[in-house]
Structures are given as structure tokens and as C-alpha cells.
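Visitor: Got a minute? I'd like to walk through this model with you.

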Amino acid sequence: MNPPRIGFLPAMERMGVRVEVAGPPAGIPAEAGSLEEPVADLRVHPSALQATTIEGEEIPTLIDELPLLAALAAGARGTTVIRDAEELRVKESDRIRVMVKNLERVGVAVREHPDGMEVTGGTGVLRGAVAAHHDHRIAMAFGVLGALPGNRIQVDDPEVVEVSFPGF
């Protein structure tokens, strides 16, 4: 809940996601971990998703959540545009390329750009196998997408999420 790192919340709200921020998780102080960053539980409620544009100054505040937002865009009505995110090319994997290829594998219409992508959602049930490329955020994004009713998505290396979210 570190203020410069929660840009994904307004982006999700623009997409129509209803998110409830509910204090720190049980048994964990609000300032937890070695960096003493604020933490909270998020409760995400089912909702109809709308496309949005994610770009410019908001990118640094949600750079690590862009794989999740791209996965959400697969279920949104319209085309979500992600721009100014070339930093994703030099993370644990080239997250732009990996997200585009994996979204295509499960049946999503997506177009790659040097600094982002366009994801056209609302294509219905998603099925297929995806490659995490040893990237915990990619595995979690497709884990979330695969957990939606009707979707059948297999992540090749689900254990990689243990790096950042043991028990995910």
C-alpha cells in the first residue's frame, strides 16, 4: 500500500473493478517486512470490466502490476491500451512479449507495440497453455485469469510464484 506503488488501484477502478481495501492482514502489522512498507488485504468483487488506457505518469506507479492489468483487459469490453511501459522489456522476462504471446495462446486478440500493447477483451472463455518464462508476475497474472469460471489455462511453471507470494 506504499503510495507511489498503488497506481494499479485507480486503473482497476477505471476498468470497473470494485476493490475494497481492508486494513492490514490478520496478525501482520500495517508496517511489515524489511522495507516496512504498508500492507493491506484487498477484496476484489466481481464486476463487468471496461477497457481503459494506461500510460504516461501512471506507469511507474503500477509497472509491476501491468501483467495483471493486461490479463484483466482480456475480459474487458473494448480495447485496453498500455503505452510508455518499455521498462517491462527488461524485467525478469520481456513482459510485453511474453504477455502478448501468452494472451494469443489462450485466444485473446492482442497487438504488441515497442512500449506496450493493445488488448481487445470480451472474447469469452479462454483456454490454453502459457509459458511463465520463470517470471512470477506472469505466472500469477495467468493464474488469476485461469481461475475465472469457464477458463482453462495451464501455467507451465506455477511454482515460480513462491518468489514473491508463497502459497499463491
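Visitor: Where does histidine 133 lie?
Guide: In the loop between strand 9 and helix 4. Bear in mind that this is a predicted model.

Visitor: What is its backbone doing? Which sign does phi of histidine 133 have?
Guide: Positive. Phi of histidine 133 is near 55°, and the residue is not a glycine. Histidine 134 lies in that loop between strand 9 and helix 4 too. Phi of histidine 134 is near 60°, again a positive value in a residue other than glycine.

Visitor: Buried or exposed, histidine 134?
Guide: Exposed, at 65% relative accessibility. Histidine 133 counts as partly exposed, with 43%. The cut-off for exposed is over 50%, so histidine 133 at 43% falls in between.

Visitor: And on into helix 4. What happens at the start of helix 4?
Guide: Aspartate 135 sits in play there. One of its side-chain oxygens reaches to within 3.0 Å of the backbone nitrogen of arginine 137.

Visitor: How many residues of helix 4 are buried?
Guide: 8 of its 11, so the helix is mostly covered. Among them are Ile138, Met140, Phe142 and Leu145.

Visitor: What do those buried residues pack against?
Guide: Two helices and two strands: helix 2 (66-73), helix 3 (95-105), strand 9 and strand 10.

Visitor: Strand 9 and strand 10, then. In which sense do they pair, parallel or antiparallel?
Guide: Parallel, over 4 bridges. Strand 10 covers residues 152-155. One of the bridge pairs is valine 130 with valine 155 of strand 10.

Visitor: What unit do they make with helix 4?
Guide: A right-handed β-α-β unit: strand 9, helix 4 (residues 136-146), strand 10.

Visitor: Back to strand 9 for a second. Which side chains of strand 9 point to the buried face?
Guide: Gly128 and Val130. Arg127 and Ala129 point to the other face and are not buried. The side chains alternate along residues 127-130.

Visitor: Change of topic. Which strands form the open sheet?
Guide: There are 4, in the order 5-6-8-7, with mixed pairing. Strand 5 and strand 7 (109-113) are at the edges. Each has a single partner strand, so one side of each has no neighbour in the sheet.

Visitor: Where does the mix come from? How do strand 5 and strand 6 run?
Guide: Parallel, joined by 2 bridges. Strand 6 and strand 8 (residues 116-120) pair in the antiparallel sense, over 4 bridges.

Visitor: Give me some registers. Which residue of strand 6 is the bridge partner of threonine 53?
Guide: Valine 81. Isoleucine 54 stands opposite isoleucine 82 in strand 6. On the strand 8 side, isoleucine 82 has methionine 117 as its bridge partner.

Visitor: Which helix goes with strand 5 and strand 6?
Guide: Helix 2. Strand 5, helix 2 and strand 6 make a right-handed β-α-β unit.

Visitor: What about threonine 52? Where is that one found?
Guide: In the loop between strand 4 (41-45) and strand 5 (53-54).

Visitor: Is it buried or exposed, threonine 52?
Guide: Buried. Its relative accessible area is 10%, and buried means under 20%.

Visitor: What does its side chain do? Which residue does the threonine 52 side chain make a polar contact with?
Guide: Arginine 14, side chain to side chain, at 2.9 Å. Beyond its neighbours within four places in sequence, threonine 52 is in contact with Ala11, Arg14, Met15, Thr79, Thr80 and Val81. Val81 in that list is also the bridge partner of threonine 53.

Visitor: Zoom out. How many helices and strands are in the chain?
Guide: The chain has 4 helices and 10 strands. The radius of gyration is 15 Å, close to the 15 Å from the globule rule for 168 residues, so the chain is as compact as a globular protein of that length.

Visitor: What does the C-alpha trace span?
Guide: About 40 × 30 × 30 Å along its principal axes.

Visitor: And what share of the residues counts as buried?
Guide: 42% of the 168. The chain exposes about 8,600 Å², and carbon and sulfur atoms supply 55% of that area.

Visitor: Last one. What share of the contacts comes from residues 24 or more positions apart?
Guide: 64%, taken over contacts with a separation of 6 or more.

Technical notes:
Residues numbered from 1 in each chain as written. Predicted model: local features only at pLDDT ≥ 70, side-chain atom pairs only at ≥ 80, totals over all residues. Heavy atoms only, no water. Buried < 20%, exposed > 50% of the residue type's maximum accessible area, 1.4 Å probe, protein only. Polar contact = N/O pair within 3.5 Å; in protein donor to acceptor, adjacent residues only side chain to side chain. Contact = heavy atoms within 4.5 Å. Pairing = 2+ DSSP bridges. Right-handed = clockwise from strand over helix to strand, strands pointing away. Rg over C-alpha atoms; globule rule 2.2 N^0.38 Å. Areas by Shrake-Rupley, 256 points an atom, 1.4 Å probe, with all protein chains shown as cover.
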